[in-house]
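I opened this entry to note what I looked up in the structure. The notes follow in the order of looking.

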Amino acid sequence: RGFVVDTRSAQAAKQARMGGGGTEAKSCYPRWKRLHRPLERGRALQESFARLVDACNDASLSMDRWLSRLDGSRWLSHVKAALSTACLAAQCLEREEACVLVHGAEGTDTTLLVTALAQLILDPACRTLSGFQGLLEREWIQAGHPFHARCARSAYSPARPKQEAPLFPLFLDCVWQLGRQFPRSLEFGERLLLALFDGAYASCYGTFLGNNEKERPVRGTRCLCKVKERTHCLWAWLNQPAERKGLLNPLYAPNALVIWPSVEPQSIQLWQGEGSRAAAEGSGGLLCPRVRAPRLPGLFLRWIRSSKYLDEAWDEMRRLLETE
């Protein structure tokens, strides 16, 4: 008994089947129920990301105009849909005690988004710093998410390649939503998420280079791009004691329970950030260890809004916790 969570619409799945695409025959899965939860993964998602970035960078907007453009970008709707689908997969595993097969268009985009989020919801080991790194390595890098094709250009680029899609930034945004709703359940903070975003789009490290394992370093084999020989590993940098300390969440308390996020519209917020000085300095340092960026309040408002007072509050909280 199990569930097939299909991230395509029923119509898209039917068209793929008629074109020779992979599908699960009902005769082979007599006790399995198919659940369609369509998630955007292509140009529509990229356009949504670009519209949100444009709106966030326009400081001249009135309140009504800002809210209109935020709603028109539909980015928060994509965040809600991703979290809802991950919760569905997690509920099938946890409450129905059934097997779950997640089916996407190619198995390297929305599929990985759902499986990675479901594991964060269910497994407390994935919420630790080392466990989260292992989750990314397993579910995104080794599973073949095409980082080069999806993250080759930024949201500022006038070109809109068909393969461009911010699936990984969408995942990071969903993780930030989990951390905001459960501030003590994740061992890592916003600084790590910002570092990963920068690492996917522009980095001194080779962890996110290439589109698959054939192009990335594989233990005991040679890869096409010789990533292992020519670049450094992002994890090695982040796990240095000085860097690791700045990544940790000072409020963290191990939580062995399942964390069920609220996906109500009032619960999904724009990624504005914790405003920590560590996040700002770490993000700049990851791009170039000798360059320090300005303080960055979250992902989407990081270049236009000062976070001085949020920084001071965050530092004071860290000082009080260390004193105790």
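**Strand pairing**

I began at one pair of residues: Gly2 stands opposite Trp32 in strand E2. I then looked up the strands around that pair. Strand E1 covers residues 2-6 and pairs with E2 in the parallel sense, over five bridges. I followed the pairing outward and found an open sheet of three strands, in the order E2-E1-E3, with parallel pairing. Strand E2 (32-36) and strand E3 (99-103) are the edge strands, and each of them pairs on one side only. From one strand to the next, I noted a twist that averages 20°.

**Whole protein**

I looked up the totals next, keeping in mind that this is a predicted model. The protein has 14 helices along with three strands. It has 324 residues, and 46% of them count as buried. I took the accessible surface as about 16000 Å², with 53% of it belonging to carbon and sulfur atoms. For contacts with a separation of 6 or more, I noted that 78% come from residues 24 or more positions apart.

**Positive phi values**

Which loop holds Arg74? I found Arg74 in the loop between helix H3 (63-73) and helix H4 (75-94). Its phi is near 65°, a positive value in a residue other than glycine. I checked the exposure as well: Arg74 has 44% relative accessibility, so it counts as partly exposed.

I then went to Glu97, which lies in the loop between H4 and E3. Phi of Glu97 is near 50°, again a positive value in a residue other than glycine. Is Glu97 buried or exposed? I noted Glu97 as exposed, because its relative accessible area is 71%, where the cut-off for exposed is over 50%.

**Confidence**

I looked up pLDDT last. The mean for the protein is 83, and 85% of the residues reach 70 or more. Which elements have the lowest and the highest mean pLDDT? Among the elements, helix H13 (residues 277-287) has the lowest mean, 36, and helix H5 (residues 110-122) has the highest, 97. Over residues 275-296 the pLDDT is below 50, and I noted 50 contacts in the model for this stretch beyond near neighbours in sequence. Residues 217-221 also stay under 50, and the model has four contacts for them beyond four places in sequence. Where pLDDT is low, predicted coordinates should not be read in detail. I therefore left the coordinates of such stretches unread in detail.

Note on methods: Residues are numbered from 1 along each chain as its sequence is written. This is a predicted model: local features need pLDDT of at least 70, side-chain atom pairs count only at pLDDT 80 or more; totals for chains, interfaces and linings use all residues. Side-chain values use heavy atoms; hydrogens and water are left out. Two strands pair if DSSP finds at least two bridges between them. Helices (H or I, at least four residues) and strands (E, at least two) are DSSP runs, numbered from the N terminus. Axes are lines fitted to C-alpha atoms, for helices over the stretch in contact, and angles run from 0 to 180 degrees between N-to-C directions. Buried means under 20% relative accessible area, exposed over 50%, partly exposed in between (1.4 Å probe, protein chains only). Contact means heavy atoms within 4.5 Å. Accessible areas come from the Shrake-Rupley method with a 1.4 Å probe; for residues, only the protein chains shown count as cover. pLDDT is the predictor's confidence in each residue, from 0 to 100.
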